[in-house]
Amino acid sequence: MPSTLSLLAGSLALCVAYVAANIIRQLLFPNTKEPPVVFHWLPWMGSAITYGRDPYKFLFAARAKYGDVFTFVLLGRNVTVHLGIAGNDFVFNGKETHVNAEEIYGPLCNPVFGEGVVYDCPNSKLMEQKKFVKFGLTTDALKAHVRLIEHEVVNYIKASRELKGPSGIINVPPVMAQITIFTAAIALQGPEVRSKLTNEFASLYHDLDGGFSPINFVLPHAPFPHNIKRDRAQLKMRTIYEAIIAERRAGKIPPTNDMISHLMQCSYKDSRPVPDSEIANMMITILMAGQHNSSNIASWIILHLANEPQLCEELYQEQIDQLADEHGNLPQLELRTLEKLKLHSSVVKETLRMHNAIHSIMRLVKQPLPVPNTSWTVPPGHAVLASPGISANGDEYFVNPTKWDPHRWDDRIIEEDDESEMVDYGYGRTSRGTKSAYLPFGGGRHRCIGEKFAYLNLEVITAIMVRNFRFKNVDGREGVPGTDYSTMFSRPLEPAEVCWERR
């Protein structure tokens, strides 16, 4: 029997031989019909580690060496990256028969969102579900949302222990997470759901959110503690929503004009009513979609205003100049008055430009996919990856892109949707609009339908916070915190504290 030491030595020798063979293959025998491969001595994990630590740093460095198109290995899968505006168009507007989102994101998202919705169903069904949900995103709905969101933020300020007294210090991300889950619930789901946002519900939401750990791309059902908590939370939250639906069907709750009532009346094209379990899972999805991006971006806004207090004062002065009466009193916000707050809008746009919550978007290649204007073809089984944040933070399109400067939008107009590029994927006419350096909400058939709500939500939250507080960095800190890329949604590294002072 060979000794344990001999076995270990043999295993190590095999690993060294494998690594050496991989290096020789990459250096001497590259596949010229496919995009160049990012060289790494540890092929299965090395690129994944460097990418996961700071995706933008990895992508900018690889771009400098290989150009806009290259391949690296991420958790055992070949990922072909196409950067820039052309890359955005290549990935977002790929034909459904050529590139697939469900197989990439299903393992991560399905246990969180639940059965029969989003990526746990055919794409055609997802498009119908998006059409149902647009009920709460019309212009009339947005008008009503403004007052609801303002009311939630004002009430939070009054009740929050972290904001008691004339001044103090807060850890920004948890505060903004609470505010945005309240605003998303009241605006997108109604007062009945909002009333259930107790400590228990907040804990369930937190546990469900933990299911977005990157390891779940490859091990979604492994018995990790965060997966056990995720599954319990999903079941409990679905049960809460199903109980609300059952009470409404039994006539125990008066009918209302909210999202749950609307979905209860919806049917798919085959005339099948939306099952209660799917309504519950859609409500979970809506709440998470309405909260995640807003929470992270709202946090970055406050952190940047603390780093540049003069801009906080500019925002306050804009409200005084544009909205105040002759006595200097500020009225309640309305959709039409928000349109006067140009700098508020620019603050939101600039923060979205610098801090896109999802740094990379991937699709699975199903058929050989030629890369336009090259001799390369991406083979089936690869993933293709676009990163709109690269163009949004690149100096090809933005002067001094690493500086947070809302005034860069004073004379800059976001490219309007081209009518010739409009298409109906099944949930109403929308723009194919991917030929832009600014795509914080994606593009193509999977473009986020909630972008108007997100802009509205963030502008109202910013306006009310600025009305009530001045912000500055804690002593000894310059700039804003770094970015935490440990989950699917990038966010500020904590603790991310600022000083606040009540006006």
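Is Cys 448 buried, partly exposed or exposed? Here are a few friendly notes on this predicted model, starting with that residue.

1. **Cys 448.** With a relative accessibility of 35%, Cys 448 counts as partly exposed, because the partly exposed class lies between the 20% and 50% limits. Cys 448 sits in the loop that runs between strand 10 (429-431) and helix 18 (451-468). The UniProt record, an unreviewed entry, places the feature "binding site" at Cys 448.

2. **Helix 18.** Following that loop comes helix 18 (451-468). Of its 18 residues, 16 are buried, so helix 18 is largely enclosed by the rest of the structure. Its length also checks out nicely: at 1.5 Å a residue a span of 26 Å is expected, and the end C-alpha atoms of helix 18 are 26 Å apart, which agrees.

3. **The three-stranded sheet.** Take a look at the open sheet with strand order 4-14-11, where the pairing is antiparallel. Strand 4 (167-171) and strand 11 (469-473) stand at the edges; each has a single partner strand, so one side of each is left without a neighbour in the sheet. On average, neighbouring strands of this sheet are turned by 30° against each other, direction ignored. Helix 18 packs on the sheet, where it touches strand 11 and strand 14, and its direction makes about 90° with that of strand 11.

4. **Strands 4 and 14.** Five bridges join strand 4 to strand 14 (residues 497-502) in the antiparallel sense. If you would like a pair to find on screen, Ser 167 has Glu 501 in strand 14 as its bridge partner.

5. **Gln 129.** Which part of the fold holds Gln 129? Gln 129 belongs to helix 6 (residues 123-133). Its relative accessible area is 3%, so Gln 129 counts as buried. Setting aside neighbours within four places in sequence, Gln 129 is in contact with Gly 116, Val 117, Val 118, Cys 121, Tyr 268, Glu 278 and Met 282.

6. **Arg 249.** Arg 249 lies in helix 11 (residues 225-249) and counts as partly exposed, at 45% relative accessibility. Which residues does Arg 249 contact, leaving aside its neighbours within four places in sequence? They are Met 264, Val 274, Asp 276 and Ile 279. For Met 264, which is 15 residues from Arg 249 along the chain, the separation between the two C-alpha atoms is 8.7 Å.

Key
Residues are numbered from 1 along each chain as its sequence is written. This is a predicted model: local features need pLDDT of at least 70, side-chain atom pairs count only at pLDDT 80 or more; totals for chains, interfaces and linings use all residues. Side-chain values use heavy atoms; hydrogens and water are left out. Helices (H or I, at least four residues) and strands (E, at least two) are DSSP runs, numbered from the N terminus. Buried means under 20% relative accessible area, exposed over 50%, partly exposed in between (1.4 Å probe, protein chains only). Contact means heavy atoms within 4.5 Å. UniProt positions are given in the numbering used here, feature names are shortened, and annotations may be inferred rather than shown by experiment. Two strands pair if DSSP finds at least two bridges between them. Axes are lines fitted to C-alpha atoms, for helices over the stretch in contact, and angles run from 0 to 180 degrees between N-to-C directions. The expected span of a helix is 1.5 Å times one less than its number of residues.
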